[in-house]
Amino acid sequence: MSQDAELLRAGALQMGLTLDDRQCQRLLAYGALILKWNKVYNLTALRDPALVLTHHLLDSLSVVVPLRRERPGRAKLLDVGAGAGLPGVIIAILCEDIDVSCLDAVAKKAAFVQQVSAELSLPNLRGVHARVESLQGAYDVISSRAFASLPDFYQGSSQLLAPGGVWLAMKGKQPAEELAALPGDIDVFHVEQLHVPGLNAERCIVWARKRGT
């Protein structure tokens, strides 16, 4: 087993995830594709393989156990402002029964996710080039990772949240000012602290839903 595979598996295990060989290979292949495409398309600011492993792969893996707790079984998930596909691609690799759409307003980033879907044989993953306000559909989970302020994220994607659906917003430290600015129809029912192995930074998920659903 390569050193990267060992680090990935050990880190995942600390977060309650046991990666099988196929998942591990796909995750590492995805990291390699990010680095390869980055040379031409500037998908992410990170160029160091070790940082891609901690700041992208492990960071996004941290949402899988909480997501499975909130939404066990089949679901449709929209990852807004997905960029290189984080955390959407990671979720698609680990949760094959979740249908993942990675949305980005930049065409080359959506195209990259489509390429990942093809190269890694992920029929449950697609890249979508559009603005969130213009999209149609209904999703059980709408996720974002450092996409926008919480009020903007909820307002922009509100029409896409299925009845009973939830928002999964990945944040650094708890965004107190953003939470205070939310309108009354948004119910933040849990702010969940995350620990990402190898990442010396605060991380949390802000879980929310429409009030009354």
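**View 1. Arg-145 and its bridge partner in strand E5.** In this predicted model, the residue of E5 that forms the bridge partner of Arg-145 is Met-170. Strand E4, which spans residues 139–145, and strand E5, which spans residues 161–171, are paired in the parallel sense, and 6 bridges connect them. Strands of a sheet pair through backbone hydrogen bonds, in either a parallel or an antiparallel sense.

**View 2. The open sheet and its two edges.** The sheet is open and is formed by 7 strands, which follow one another in the order E3-E2-E1-E4-E5-E7-E6 with mixed pairing. Because strand E3 (125–129) and strand E6 (186–194) each have a single partner strand, they stand at the edges, and one side of each is left without a neighbour in the sheet. From one strand to the next, the twist averages 20°.

**View 3. Two helices against the sheet.** Helix H6, made of residues 107–119, packs on the sheet, where it touches strand E2 (98–104) and E3, and its direction makes about 165° with that of E3. Helix H7, made of residues 150–157, lies across strand E1 (75–80), E4, E5, E6 and strand E7 (203–210), and it runs at about 150° to E5.

**View 4. The largest pocket and its lining.** The volume of the largest pocket is about 310 Å³. The pocket is lined by 17 residues, of which His-56, Gly-81, Leu-86, Arg-145 and Ala-146 are the closest to its centre. Helix H3 (49–61) and E5 are the elements that give two or more residues to this lining. By residue class, the lining of the largest pocket divides into 6 nonpolar, 5 polar and 6 charged residues.

**View 5. Annotated binding-site positions.** In the UniProt record, an unreviewed entry, the annotation "binding site" covers Gly-81, Leu-86, Val-132, Glu-133 and Arg-145. From this set, the lining of the largest pocket takes in Gly-81, Leu-86 and Arg-145. Val-132, which is also covered by the annotation, has its place in the loop between E3 and E4.

**View 6. Backbone details in two loops.** The peptide bond that leads from Leu-86 to Pro-87 is cis, with omega near 5°, and Pro-87 is found in the loop between E1 and helix H5 (88–94). Leu-86, on the other side of this bond, is one of the residues closest to the centre of the largest pocket. In the loop between H6 and E3 lies Ser-121, which has a positive phi of about 55° although this residue is not a glycine.

How values were computed
Residues are numbered from 1 along each chain as its sequence is written. This is a predicted model: local features need pLDDT of at least 70, side-chain atom pairs count only at pLDDT 80 or more; totals for chains, interfaces and linings use all residues. Side-chain values use heavy atoms; hydrogens and water are left out. Two strands pair if DSSP finds at least two bridges between them. Helices (H or I, at least four residues) and strands (E, at least two) are DSSP runs, numbered from the N terminus. Axes are lines fitted to C-alpha atoms, for helices over the stretch in contact, and angles run from 0 to 180 degrees between N-to-C directions. Contact means heavy atoms within 4.5 Å. On a 1 Å grid over the protein atoms alone, a cavity is a set of points where a 1.4 Å probe fits but cannot get out, and a pocket is an open set with protein on both sides within 12 Å along at least five of seven lines; lining residues have an atom within 4 Å of a point. Grid points are joined across faces, edges and corners, and a volume is the space filled by probe spheres set on the points. Ala, Val, Leu, Ile, Met, Phe, Trp, Tyr, Cys and Pro count as nonpolar, Asp, Glu, Lys and Arg as charged, and the others, Gly among them, as polar. UniProt positions are given in the numbering used here, feature names are shortened, and annotations may be inferred rather than shown by experiment.
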